[in-house]
Amino acid sequence: MRATKLWIAGAVLTSSFMLVSYSQSQRQTIQKHRLMREKLVHAQKLLEGISTEDFKLIQTQAERLKAISLNAEWNPHPAHHAEIRNVNIIHSLDQLVEAAKEEDLRGATLAYMGLTLSCVNCHNNSHDKDIALSDQLKEEPTIAP
């Protein structure tokens, strides 16, 4: 009888732990989706800034995107390859900021192309398919307000 009670208590404890872990994982996935959506909006605004030669907009959006990229919350389980890809993204964003300060449209355009390639590379090579968000991006509008 005592062994049965211990087994039941162990099963309840294990189930509770699994539910808490699942709930935390779901929250992290939702947080990643929100941050990735925010990154996409900033990337769209970067393109707008380049298209309209609005160097202040380019600088502002690159700095905001960099702040998000430096935030560990968007990737709670960084792997070596993800860190390298993030370094490439940060480098492109730094180039965008510098080009905006110098009002160098060609430099900003090239840096934006490098950023885009880094983003696509990261999403295509991601083992964590939550970060790719391909299905979610198809379902939600991506036009920045």
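At 3% relative accessibility, Q61 falls well inside the buried class, whose cut-off is under 20%. This glutamine belongs to helix 2 of what is, it should be said at once, a predicted model. Its side chain is not left without a polar partner: Q61 and H42 are joined, side chain to side chain, by a polar contact of 2.5 Å. Leaving aside residues up to four places away in sequence, the neighbours that Q61 touches are H42, K45 and L46.

Q61 has plenty of company in helix 2. The buried residues there are F55, L57, I58, Q59, T60, Q61, A62, L65, I68 and S69, a list that mixes leucines and isoleucines with glutamines, a threonine and a serine. The helix itself runs over residues 55-70, and its geometry checks out: 16 residues at 1.5 Å each should span 22 Å, and the end C-alpha atoms are indeed 22 Å apart. At the N-terminal end sits a cap, D54, with a side-chain oxygen 3.3 Å from the backbone nitrogen of K56.

Zooming out for a moment, the protein chain has five helices and zero strands, so the order of elements from the N terminus on reads simply α-α-α-α-α. The chain has 145 residues, and 32% of them count as buried. Among contacts with a separation of 6 or more, 70% are between residues 24 or more positions apart. As for the surface, about 9,600 Å² of the chain is exposed, and carbon and sulfur atoms supply 60% of that area.

Helix 4 invites a similar check. It covers residues 105-125, 21 in number, and reaches 30 Å from first C-alpha to last, close to the 30 Å expected at 1.5 Å a residue. The buried residues in helix 4 are A108, A111, Y112, L115, S118 and C122. Viewed down the helix axis, these buried residues fall within an arc of 125°, so they line one face of helix 4. The background is textbook: an α-helix has 3.6 residues a turn, so residues three or four places apart point the same way. On the face turned away from the buried side, helix 4 carries the exposed residues R106, L117 and N124. The start of this helix also has an aspartate at work, since a side-chain oxygen of D104 comes to within 3.3 Å of the backbone nitrogen of R106.

L110, another residue of helix 4, is partly exposed, with a relative accessible area of 45%. L110 and Q95 are 15 residues apart in sequence, and their C-alpha atoms are 8.9 Å apart in space.

That leaves the cysteines. With a cut-off of 2.5 Å between sulfur atoms, the disulfide count comes to zero. C119 is in no disulfide, and its nearest cysteine sulfur, that of C122, is 7.6 Å away. Likewise C122 is in no disulfide, with the sulfur of C119 as its nearest, at 7.6 Å. The accessibility classes of this pair are not alike: C122 counts as buried, at 7% relative accessibility, whereas C119 is partly exposed, with a relative accessible area of 27%.

Key: Residues numbered from 1 in each chain as written. Predicted model: local features only at pLDDT ≥ 70, side-chain atom pairs only at ≥ 80, totals over all residues. Heavy atoms only, no water. Helix = DSSP H or I, 4+ residues; strand = E, 2+ residues; numbered from the N terminus. Expected span 1.5 Å × (residues − 1). Buried < 20%, exposed > 50% of the residue type's maximum accessible area, 1.4 Å probe, protein only. Polar contact = N/O pair within 3.5 Å; in protein donor to acceptor, adjacent residues only side chain to side chain. Arc of directions from axis to C-beta. Contact = heavy atoms within 4.5 Å. Areas by Shrake-Rupley, 256 points an atom, 1.4 Å probe, with all protein chains shown as cover.
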